[in-house]
Amino acid sequence: RSSSVREYPSLTAMTGEDDGRSTSLLESGMNISSPSPHQRDHRDHVYTTNKQTHQRDHRDHVYTTSKQNDGEGFDEDYDLHESASDETEVYYVKQRRGYFSIGFSVIQALVLGVMMWQCGVAPLDVNPMIGPFPDALNFWGAKNSVLIIDEGEAWRLFTPILLHAGIIHLLCNVAVQLETGAFFEREWGSGKWLLIYLSSAVGSSCLSTIFMPGQISVGSSGSVCGLFGAKLAEVFCRLCEARRTKQQRIGHEVRMEQCKGIVCSVAVIGISSFIPFVDFGAHLGGFLSGIVVGLMVFAFSIENRCWIGIWFLVGAALSIIFFAVSLNHMYNEVDPPEEMGDVCEYYRSFFPDYECNCQINYGDK
């Protein structure tokens, strides 16, 4: 579902400025060769490749990847204070870490742990993801069309991204979020990343409510799909960017490789739509939200000022249309099933021995 520089030995990256602009390092596959060993620049956080060894310095998050006789090994004898050679392929990122990516992942893990401790673990026939009962998910803020539309709990458009159906579901989403998602945050900066992540959460919940109003849904995969959609928007906005400098050429090659990785990741996430309490509408909504918001955000990456204005207006118009149409259809056209107002009774109709340990009952209102 994601890739890292350790799987594709060919690229060095550091945070910093190049030609007055911060760009980014890709941890997915690049095929840039260099005739000399790649070394770490001691000034900042760097990923580097070396043809002879596969090294990692645990003190400063330094990775060197390579293949030697089709094998890999570790070597701690690495000079951290040697500057990168002139032939090293370097791709600059805006920041050292994906702070929000890490923060959201920690919160999501804590919430799942507390939820399972408070409300218990459901049998596998009820929740095969090794997680809590559905009424616990509902209690903690899952997408529930009855509560969103009839009870006015609009905050449930955001909270599903903090919840996961179980341990398996959490591990799958967090793995992508901490690899690809965190890398995108390092590329874009935390502000842009958070805007896309949260707007995609709303878009994913809207389309989930529209397409599957009779199902409780949770998970951050809708927002992750939004990050993928935004990356495609960035690639589109910067497709005609000049490649006069070495950094511009590397940046273009990196983005092209990212597109390949996104196609694979989206395919895997599409398959996961069949997981209980996860639905295709959420993934589609997040992906489309990421594209339209991404066009608006990454219009400012275009070099030509005229095209900046044009694509910003296009992105803003598409964003307004998408969210306005989605919200209007959700609130005015969707008729949520009344039985979802009492999640416990709803699931007892399928599982006679169903236990209700956490619930909110709106059925008598």
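This passage describes the overall make-up of a predicted model, then its helices, its buried polar residues, its salt bridges and a nonpolar patch on its surface.

The model is predicted, and for that reason local features are reported at a pLDDT of at least 70 and side-chain atom pairs at a pLDDT of 80 or more, whereas totals for chains, interfaces and linings use all residues. Residues are numbered from 1 along each chain as its sequence is written, and side-chain values use heavy atoms, with hydrogens and water left out.

The chain holds 10 helices and 5 strands, these elements being DSSP runs (H or I of at least four residues for helices, E of at least two for strands) numbered from the N terminus. Of the 365 residues in the chain, 55% are buried, where buried stands for under 20% relative accessible area, exposed for over 50% and partly exposed for values in between, with a 1.4 Å probe and protein chains only. The accessible surface comes to about 16200 Å², and 60% of this area belongs to carbon and sulfur atoms; the areas come from the Shrake-Rupley method with a 1.4 Å probe, and for residues only the protein chains shown count as cover. Among the contacts (heavy atoms within 4.5 Å) with a separation of 6 or more, 73% are accounted for by residues 24 or more positions apart.

Helix α9, which runs over residues 305-333, has 29 residues and reaches 41 Å from its first C-alpha to its last, close to the 42 Å expected at 1.5 Å a residue; the expected span is 1.5 Å times one less than the number of residues. The buried residues of α9 are I308, G315, A316, S319, F322, F323, S326 and M330, and what covers them includes α3 (145-150), α5 (190-211) and α8 (280-298). At the start of α9, a side-chain oxygen of N304 reaches to within 2.8 Å of the backbone nitrogen of C306, a polar contact being a pair of N or O atoms within 3.5 Å in which, within protein, one must be able to donate a hydrogen and the other to accept it, with residues adjacent in sequence counted only if both atoms are side-chain atoms.

Helix α8, one of the elements covering α9, has 19 residues that should span 27 Å at 1.5 Å a residue, and the 26 Å between its end C-alpha atoms agrees with this. The helix is mostly covered, with 14 of its 19 residues buried, and its N-terminal end is capped by D279, a side-chain oxygen of which lies 3.1 Å from the backbone nitrogen of G281. Both D279 and G281 are also among the residues touched by S208, which is found in helix α5. S208 counts as buried because its relative accessible area is 2%, and, with residues up to four places away in sequence not counted, its other contacts are K143, P213, S217 and A282.

A further buried polar residue, Q95, has its place in the loop between β5 (90-93) and α1. Its relative accessibility of 15% is why Q95 counts as buried, and its side chain reaches the backbone oxygen of R97 at 2.8 Å.

The count of salt bridges, each a side-chain nitrogen of Lys or Arg within 4 Å of a carboxyl oxygen of Asp or Glu, comes to 5. In one of them R156 pairs with E153, the closest N and O atoms being 2.5 Å apart, and both R156 and E153 are buried. In another, the side chains of K231 and E187 meet at 2.9 Å, N to O; K231 lies in helix α6 (residues 221-237) and E187 in helix α4 (residues 167-188), so the pair ties together parts that are 44 residues apart in sequence. K231 is buried at 0% relative accessibility, and E187 is buried at 4%. E345 forms a salt bridge with R348, with the closest N and O atoms 2.9 Å apart, and these two residues both lie in helix α10 (residues 343-348), 3 residues apart, about one turn of the helix. E345 is partly exposed at 44% relative accessible area, and R348 is likewise partly exposed at 36%. Salt bridges that share partners join E187, K231, E234 and R238 into one network.On the surface, V121, L124, I130, I167, I168 and L171 make a nonpolar patch of about 520 Å²; patches consist of residues with over 30% relative accessible area and no salt bridge, like charges being joined within 9 Å and nonpolar side chains (Val, Leu, Ile, Met, Phe, Trp, Tyr) within 5 Å. I130 is found in the loop between α1 (99-119) and α2 (134-140) and is partly exposed at 37%.
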